[in-house]
Amino acid sequence: MRRSNADLRLQRSLRWLIAIRLVVITSVVLPYLLVQLSSPEGQPPSFDLLYLIAGSTYVASLVYIALLSVLRRHPTWHAYLQFGGDLLLVTSLVYFFGGIG
């Protein structure tokens, strides 16, 4: 069964979404870690909720990559799954950083 052009475009977009998600979470965590490491207290960085969020994001991205082939015939389902995961990610980041204001 041949897939439509819309399905192929959606799969390509989902791949890009995975890559962008990894770049964004890394660009949030890396400066936070560097600030913690450069603190004058000399203590090792504490385990924060942010690291749990980042680790969960990396694991979810691996699952999404695996699902690219499993849900190849149903890219819309995969898109809903990724968007739901992104909603959880953004909500947890807003909670961690204290929201707006």
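Helices are DSSP runs of H or I with at least four residues, numbered from the N terminus. Under this assignment S13 is placed in helix 1. The model described here is predicted. With a relative accessibility of 43%, S13 counts as partly exposed. The C-alpha atoms of S13 and Y80 lie 13 Å apart in space, although 67 residues separate the two in sequence.

Helix packing is considered pair by pair. Two packed helices are described by the angle between their axes and the distance between the axes. For helix 1 (residues 5-37) and helix 3 (residues 75-97), the axes come within 10 Å and the crossing angle is roughly 15°. Angles under 35 degrees count as roughly parallel, and helix 1 and helix 3 are therefore roughly parallel to each other. The crossing of helix 1 past helix 3 is left-handed. By class, the contact between helix 1 and helix 3 comprises 14 nonpolar, four polar and three charged residues. On the helix 1 side, the contact is made by D7, L10, Q11, L14, L17, I18, R21, I25, V28 and Y32. The residues of helix 3 that they meet are P75, T76, H78, A79, Q82, F83, D86, L89, L93, F96 and F97.

One residue of this contact, D86, lies in helix 3. D86 counts as buried because its relative accessibility is 16%. Its side chain forms a polar contact of 2.5 Å with the side chain of R21. When neighbours within four places in sequence are left aside, D86 is in contact with L17 and R21. Both L17 and R21 belong to the helix 1 side of the contact with helix 3.

The axes of helix 1 and helix 2 (residues 49-70) also come within 10 Å, here with a crossing angle of roughly 160°. Angles over 145 degrees count as roughly antiparallel, and helix 1 and helix 2 are therefore roughly antiparallel to each other. Helix 1 passes helix 2 in a left-handed crossing. The contact of helix 1 with helix 2 contains 16 nonpolar, five polar and two charged residues. A polar side-chain pair is found between Q36 and Y51, with a contact of 2.6 Å. Q36 is located in helix 1, and its relative accessibility of 15% is why Q36 counts as buried.

For the remaining pair considered, helix 2 and helix 3, the axes come within 11 Å and cross at roughly 175°. Helix 2 and helix 3 are therefore roughly antiparallel to each other. The residues of this contact divide into twelve nonpolar, five polar and no charged. From helix 2, the contact involves L49, L50, I53, T57, Y64, L67 and L68. From helix 3, it involves H78, L81, Q82, G85, L89, S92, L93, Y95, F96 and F97.

L67, placed in helix 2, is one of the residues in the contact with helix 3. L67 is buried because its relative accessible area is 18%, and buried means under 20%. Apart from neighbours within four places in sequence, L67 is in contact with R72, H78 and L81. Of these partners, H78 is eleven residues away from L67 along the chain, and the C-alpha atoms of L67 and H78 are separated by 7.3 Å. H78 and L81 are among the helix 3 residues that meet helix 2, and H78 is also listed in the contact of helix 3 with helix 1.

How values were computed:
Residues numbered from 1 in each chain as written. Predicted model: local features only at pLDDT ≥ 70, side-chain atom pairs only at ≥ 80, totals over all residues. Heavy atoms only, no water. Axes fitted to C-alpha atoms, helices over the stretch in contact; angles between N-to-C directions. Helix = DSSP H or I, 4+ residues; strand = E, 2+ residues; numbered from the N terminus. Parallel < 35°, antiparallel > 145°, perpendicular 65-115°, else oblique. Left-handed = near helix turned anticlockwise from the far one by under 90°. Contact = heavy atoms within 4.5 Å. Nonpolar A, V, L, I, M, F, W, Y, C, P; charged D, E, K, R; others polar. Buried < 20%, exposed > 50% of the residue type's maximum accessible area, 1.4 Å probe, protein only. Polar contact = N/O pair within 3.5 Å; in protein donor to acceptor, adjacent residues only side chain to side chain.
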